[in-house]
Structure formats: C-alpha cells, structure tokens
Amino acid sequence: MGVHIEQVVKIVREAAVIIRNREIDLNITIKGAADYATEIDFKVQQFIEKELKNAYPKIQFMGEEKSNEEVDFNEKFWVLDPVDGTNNLVHDYKEVAISLALFDKREGVLGVVYQPYTEELYTANKGQGAYLNGNKIQVSKVKTLSKSLISFGASPYYKELAEENFEVFKEIFTRCEDFRRTGSAAMELAYVASGRVESFFEKRLKLWDYAAGILLVKEAGGKFTGYKGDELELEVCSDIVATNGKIHSELLEILH
Ligand code: 2AM
Ligand code: CA
C-alpha cells in the first residue's frame, strides 16, 4: 500500500492540537510539572499510532513512549517522537516538534517535522527534495566554519560527557561565527535542511530524535554521519553530525 504524505501530514497536524490546547487550558496551574509534558507525549503518540494503524495496518510502529522490542528494523516501520523538546514544553519555551519518519529497508523514505506553534511544516520524500510549507528548501551555501552558525545538543541526559563535550564546543565556538540552540534535535535538523544554520551535532541521540531529520538534511543537499564520518546504526544511540556538506570534514576533524 502506498503511503501518501498528505495523509500523514493531516494526522500530524491534528495531533499538534493536543500540544497547543494543553498549553492554553492548563498553562498556569501545571506549568513546570514534568508529568504534564509526559502526559502530552503519551497522548500525541497514542493519537498518531492509532491513526497510522488505521490507515496503514501493515506498517510497524516505533515511538519514544513505548518499548520497541518487537520492531523488525528490516521491515517497514514508522518512527515517532511525539514531542521533541519535552523540556521546552515543561518550561513553556515554544521550540518543540512532532517528528515522524517512515523507514523501509533500513532507510528513511519519508520524513515530517512539524512545529505546533509556528506551524512550520518540513517534509521530505526520498529522491524528491525537502520542503518547508510546500516550498523547496536547500542547505546553506556557506563554505567555511568561520562563516557558519553552528547548533548542537549538549546531551543533557549524560552529564558525564560534559567535560569532553564542552572542550569540543569551545574549540568550535572559537572557530565559527556563533552558536544557536533550541533544545530540540528534530527542529535543529530542520534548520540545517532549510539553511538557517550550517550544522547540528549531538552525542547519544535515539533514532526518533533524528529519523525525520536525516531525510530532510539529505534531501536538502546536506550530509549526515556519525562523529567519525561513519554510517549510523539504527538500533543503538548515535553521535550524529548534520551539515550543509561543505563544512562537514572541517567539523569532523574537531569532533573526532
Ligand atoms: P526529547 O525532548 O524528545 O526528550 C536534547 O539535547 C535532545 O536530546 C532532544 O531532542 C531530546 O529529545 C533528546 N533526548 C532526550 N532524552 C534523551 C535520551 N535519554 N537519549 C537521547 N536523546 C535524548
Ligand atoms: Ca526526542
């Protein structure tokens, strides 16, 4: 059965209402409560899983808020991050995204990143380019790190990496134009794809953090690898580097 991106986008847009309504209804009383974010994460995932199962019963479903032991990576599967940037949601810092990708034969074939507040919609189909709200996007043309805006994640869940991470950040900061950061890997990857920043990198990300982002970046003409320039393994946490392609090797030299 063919998957139609319009149908997938419709489901994601409907799910975004859960995020926006919750903020409006409950903002003041429970802002800052961690379980508030978790509850939204679950609700968004529940909704999207149900809708995808209805529309595409044969495709497996993988999501951040479930155990994914049964997923066979060699067959077709969806990968969902219902709220990427959960900490942002808790703090009412409006940089979050729903990230949804379809994998087939271990490769991303469809990717959607949706920002519920700005309603920016990033989409990509394999071999057909990347789009922002229906307009084709491309990575930036900047050729050197010294002219680049660089974004990164600081692996907040692995504070033991802080020492080596910040040494690398310092080195890159002295050599690039400036840093930008949102706290949502999916959003940052969409920003690499649309040319707003030249790179995003972070250690130990899960597949759902970057699954849609990989396709967006590649279809927009960028490059996506591990810290050593290696291919990424889907089953484990990965250290990921996405760039416009032109500054990739310069950045890898510092990261590696
Ligand atoms: P989340 O908001 O969906 O939790 C922040 O540096 C980035 O890391 C976010 O995209 C965040 O996704 C992701 N992240 C959060 N917890 C993580 C974990 N335990 N392992 C890997 N990535 C994580
Ligand atoms: Ca995530």
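**Exercise 1.** Which side chain has an N or O atom 3.2 Å from a nitrogen atom of ligand 1? Work out what else surrounds this ligand.

*Solution.* A quick note before we start: this is a predicted model, where local features need pLDDT of at least 70, side-chain atom pairs count only at pLDDT 80 or more, and totals for chains, interfaces and linings use all residues. Residues are numbered from 1 along each chain as its sequence is written, chains are lettered from A and ligands numbered from 1 in the order written, and side-chain values use heavy atoms, with hydrogens and water left out.

- Step 1: the side chain belongs to Asp209. A polar contact here is a pair of N or O atoms within 3.5 Å; within protein, one must be able to donate a hydrogen and the other to accept it, and residues adjacent in sequence count only if both atoms are side-chain atoms.
- Step 2: look at the backbone. An N or O atom of Val83 sits 3.2 Å from an oxygen atom of ligand 1, and one of Ala185 sits 3.1 Å from an oxygen atom of the ligand.
- Step 3: check the cover. On its own, ligand 1 exposes 480 Å², and the protein buries 88% of that (Shrake-Rupley method, 1.4 Å probe; for residues, only the protein chains shown count as cover).

**Exercise 2.** Find the donors of the calcium ion (ligand 2) and place them along the chain.

*Solution.*

- Step 1: Asp81, Asp84 and Asp209 each coordinate through OD, at 1.9 to 2.3 Å. Donors are N, O and S atoms within 2.8 Å of the metal (3.2 Å for Na, K and Ca); water is not among the atoms, so sites may look incomplete.
- Step 2: the donor spacing reads D-x2-D-x124-D.
- Step 3: Asp84 is in strand E2 (residues 77–84) and Asp209 in helix H6 (residues 207–219), so this pair ties together parts 125 residues apart in sequence. Helices (H or I, at least four residues) and strands (E, at least two) are DSSP runs, numbered from the N terminus.
- Step 4: Asp84 and Asp209 are both buried, meaning under 20% relative accessible area (1.4 Å probe, protein chains only).

**Exercise 3.** Is Thr243 buried or exposed, and what does its side chain meet?

*Solution.*

- Step 1: Thr243 belongs to strand E12 (residues 238–243).
- Step 2: its relative accessible area is 0%, so Thr243 is buried.
- Step 3: a polar atom of the Thr243 side chain lies 2.8 Å from the backbone nitrogen of Gly245.
- Step 4: leaving out residues up to four places away in sequence, Thr243 touches several others, including Val192, His248 and Leu251; contact means heavy atoms within 4.5 Å.

Conventions
Buried < 20%, exposed > 50% of the residue type's maximum accessible area, 1.4 Å probe, protein only.
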